[in-house]
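I opened this model to look up its salt bridges and then the surroundings of one leucine. My entries follow in the order in which I made them.

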Amino acid sequence: MGKTTVTDPFRPETPAGAYDAFLPEALTRAATQPEWTPADGPLPSLYLSHGAPPLFDDAVWIRELFDWAQSMPKPKAIVIVSAHWEDAPLLLSAPAAQTPLVYDFGGFHPRYYQMRYGTPDASRLTARITAMMPDSEPLYQHPSRGLDHGAWVPLMAMYPLADIPVLQMSMPTHDPGRLLALGRRLAPLRAEGVLVVGSGFTTHGLRFATPEMLFEGVVPSWSSDFDAWTADSLARADVDELAAYATRAPGMPYAHPTPDHFLPIFITLGAAENPERPARTVIEGYMSGFSKRSFEIA
């Protein structure tokens, strides 16, 4: 087991204090980010470990996400599939501007339930995605659902101006093959300046978390072993190996007692121009013992 020094992620001295300190410079930089044009070519597809309210108290992680976003042209729009919306048939979030967020977490300071991320109207993206879906995968519009924390928490760090239209799509299946196919349906959006994101957590064994993990930063072997296997599989572009994670990955089932936080990776891989191209890891390391590995692939 490894160990790093961390503070209590559930009882920060100043809730979201790191985010507050980050914002002034970030807003200035974000305002000058060049917007995507066709000359930039397709945007990469992303898989990110999204965190939860404790992300807002992690200055390093906030900066990693922001710098990642700044390394790319500013997207025209974003479509994101989060671990926290498993629903079939396929659904899109409400496209209206300022749609209220979903605060799908509990036990945190009231400050986190007061945070807002009022993105612009996304109706044009809704129409575009709807037109891309085959009859065999009907798509429906949810009348009121906003972005859940698997979407708005990381996006508040990446795009703090909240000036990019965002839609969330539900995850309708646990079948990696179907999710790869769904990602392939979304792939043409990348050449239109739309950022396609799968949002999960590379390891997410909350059921097996110990106080030593949560409050002392101990990294259990089931988390580090699964993370190393994921990194190796991505480096070899072995999609079949990744799809067999439930039976072939070390650290199972502890790393993922439920599959929801790993499965968005297949949206990301499917949306890539070539899923057999090695991914580029952008963020690595651990938060309370869980791997926050995040990557992009062209």
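Entry 1, salt bridges. I started with the total, and the structure holds 15 salt bridges. The model is a predicted one, and I read every value below as computed from it.

Entry 2, Arg111 and Asp20. I looked up this pair and found a salt bridge, with 3.0 Å between the closest N and O atoms. Which parts of the chain does the pair tie together? Asp20 belongs to helix H1 (residues 17-31), while Arg111 sits in the loop between strand E4 (90-92) and helix H3 (123-132), so the bridge ties together parts that are 91 residues apart in sequence. I then checked accessibility for both partners. Arg111 has a relative accessible area of 24% and is partly exposed. Asp20 is partly exposed as well, at 35% relative accessibility.

Entry 3, Arg145 and Asp148. These two form a salt bridge, and their closest N and O atoms are 3.1 Å apart. Are the partners buried or exposed? I noted Arg145 as buried, at 13% relative accessibility. Asp148 is buried too, and its relative accessibility is 0%. The cut-off I applied for buried is under 20% relative accessible area.

Entry 4, Arg236 and Asp238. Here I found another salt bridge, with the closest N and O atoms 3.0 Å apart. Arg236 counts as partly exposed, at 43% relative accessibility. For Asp238 I read 21% relative accessibility, which also counts as partly exposed; the buried class is under 20%.

Entry 5, a network. I looked for salt bridges that join up. Asp227, Glu284 and Arg293 are linked in such a network.

Entry 6, Leu125. I left the charged pairs and turned to this residue, which lies in helix H3. Helix H3 had already come up in entry 2, as one end of the loop that holds Arg111. Leu125 has a relative accessible area of 7% and is buried. What does Leu125 touch, not counting residues up to four places away in sequence? I listed Ala77, Ile78, Leu167, Leu189 and Val194 as its contacts.

Entry 7, a distance. I also took Leu125 against Pro220. The two are 95 residues apart in sequence, and their C-alpha atoms are 41 Å apart in space.

Entry 8, recap. I have Arg145 and Asp148 down as a salt bridge with a buried arginine and a buried aspartate. In the pair of Arg111 and Asp20, I have both the arginine and the aspartate down as partly exposed.

Terms used:
Residues numbered from 1 in each chain as written. Predicted model: local features only at pLDDT ≥ 70, side-chain atom pairs only at ≥ 80, totals over all residues. Heavy atoms only, no water. Salt bridge = Lys/Arg side-chain N within 4 Å of Asp/Glu carboxyl O. Helix = DSSP H or I, 4+ residues; strand = E, 2+ residues; numbered from the N terminus. Buried < 20%, exposed > 50% of the residue type's maximum accessible area, 1.4 Å probe, protein only. Contact = heavy atoms within 4.5 Å.
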